[in-house]
Amino acid sequence: MRRILVLLFVCAVCSYASDSAITDDMLQSFKENLSKDTHFKAAQNAVAHNDVRDIARNRDMQGKIDDLFTDKIDVDPVTDQQSSGRCWLFTSLNVLRPKVMETLNVKSFEFSENYSYFWDQLEKANLFLENVISTRDKDITDRKVEWLFRHPIGDGGLWNNAVAVIEKYGMVPKSVMPESHNSENTRVMRYVVRQKLRRAALAIRDLHEQGADLEQLRQRKQQALTDVYKLLVLHLGEPPESFTWRYRDKDDSLHAAKTYTPMSFYNEVVGTDLNDYVMLMHDPTREFYKLYEIEWDRNRYDAQNWTYVNLPLDELKQMAVTSIRDHEAMYFSCDVGKQMDRDAGILSIDNYEYEALFGVPLSMSKKQRILSRQSGSSHAMSLMGVDTTADGSVRKWLLENSWGKESGHNGFMIMTDEWFDEYMFRLVVKKEFVPAPVLAVLKQTPIKLAPWDPMYLPYEDQ
């Protein structure tokens, strides 16, 4: 009987393997398919010896897109996040600076990204450890706990993260807290801080298992944050509590030095109520005109998660055009790597013809790309310009990037309207440009989404 059972098991395994594994017959059919492809050899030679983007580049696109715009917001200088994942922070600060330049009557201005980044990192460390405390009763293999340990802290973020640190810590000019080597090259610092936080998280869980109360767990958290603060100061410098600053305006008048705190500088020079902005999304996998909230998608423990209204594209475009024409830049995020001609600074769905080169079907709808994790919001830029026809139709858009002036089109990206449709995800607009029916959606109880939702990951510039 035992022998019969063994034979039956072996037969079952053989049947399973023959049904599911790659077989010799399958391999032979693959080879035969290539032998029938008369263009394969030429394509193989081209692909094997060249950058695929060079040979897939659509020559018909050359000269098709100009750099002229009917409506444009001017800024200076073009910013550069260097080797860091702070696009969301540069973008958020760049959205605010055109009004500051207008208020101060200056030719150029830049906020200190390093100052805001310091507080973002400290707040994210606290958020992580608080989430560890709140999940202390869950097994370490629980999906939420596993997600936490995979993402203790990172460079990436969103508009609401910038709002959170500005409202609590204010802002300073770039000259007051300039970049450091490690703010521009964050990989090593990120590695060290992550290790510190994971070590502390395990210690907190161990204390809980030993019967420690909540106060003792928070004491352990504070010890860890003391070390994180030290690490951040070593890498980034210590943020100023006050500073003295002066500037020269467009008329060459030198304004007398004045002492500020970061919060008084924000209130006096910026003065924008950041609660006047609405976070919007285009996610075709979910119902439109609904309010959604992504759990833990924030940096401050006591701040708002990314909470957004999901809208059709035409609504988003109407608000964007109106905003630009009123000289208001917007936070905009997208899947920047798709069909991007980085050298020319052009985002167009016609830039590269991969299907024609490879001879295999690759096209997917935006909904399919999101559901399969083929596409997600990976990079933020400031939406600064639009080019329209006489009848109001949009030709293209202008994005202020944060990759330096040498990247793209003098530091900017020119985006076709068709690319906007396919790869745009997030837009942040002032309430005055948002229609009343959309504002009414904000009164809904948000639908809570998990931290690993496709609209959260990939985290922008993580």
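**Exercise 1. Work out which residues of helix H12 (residues 262-270) are buried, and what covers them.**

Step 1: go through H12 and pick out the buried residues (under 20% relative accessible area, with exposed over 50% and partly exposed in between; 1.4 Å probe, protein chains only). You should end up with Pro262, Phe265, Tyr266, Val269 and Val270.

Step 2: look down the axis. These residues span an arc of only 100 degrees, so they sit on the same side of H12; the arc is taken from the directions from the helix axis to the C-beta atoms.

Step 3: find the cover, using contact (heavy atoms within 4.5 Å). It includes helices H5 (87-104), H6 (113-134) and H8 (159-169), plus strands E2 (243-248) and E3 (254-260). Helices (H or I, at least four residues) and strands (E, at least two) are DSSP runs, numbered from the N terminus.

Step 4: check what comes after H12. That's glycine 271, with a positive phi near 65 degrees.

A word on the model: it is predicted, so local features need pLDDT of at least 70 and side-chain atom pairs count only at pLDDT 80 or more, while totals for chains, interfaces and linings use all residues. Residues are numbered from 1 along each chain as its sequence is written, and side-chain values use heavy atoms, with hydrogens and water left out.

**Exercise 2. Describe the surroundings of serine 323.**

Step 1: place the residue. Serine 323 belongs to helix H13 (residues 313-325), and its relative accessible area of 1% makes it buried.

Step 2: list its contacts, skipping neighbours within four places in sequence. That leaves Glu328, Met330 and Phe433.

Step 3: follow the side chain of serine 323, which reaches the backbone oxygen of glutamate 328 at 2.8 Å.

**Exercise 3. Find where the salt bridges of lysine 174 and glutamate 130 lead.**

Step 1: apply the rule, a side-chain nitrogen of Lys or Arg within 4 Å of a carboxyl oxygen of Asp or Glu. The count comes to 31 salt bridges.

Step 2: take lysine 174. Its partner is glutamate 110, with the closest N and O atoms 3.2 Å apart. The two are 64 residues apart: lysine 174 is in the loop between H8 and helix H9 (181-184), glutamate 110 in the loop between H5 and H6. Lysine 174 is partly exposed at 22%, whereas glutamate 110 is buried at 13%.

Step 3: take glutamate 130. This one pairs with arginine 218 at 2.7 Å, N to O. The bridge joins helix H6 to helix H11 (residues 214-236), across 88 residues. Glutamate 130 is buried at 4%; arginine 218 is partly exposed at 34%.

Definitions and conventions. A polar contact is a pair of N or O atoms within 3.5 Å; within protein, one must be able to donate a hydrogen and the other to accept it, and residues adjacent in sequence count only if both atoms are side-chain atoms.
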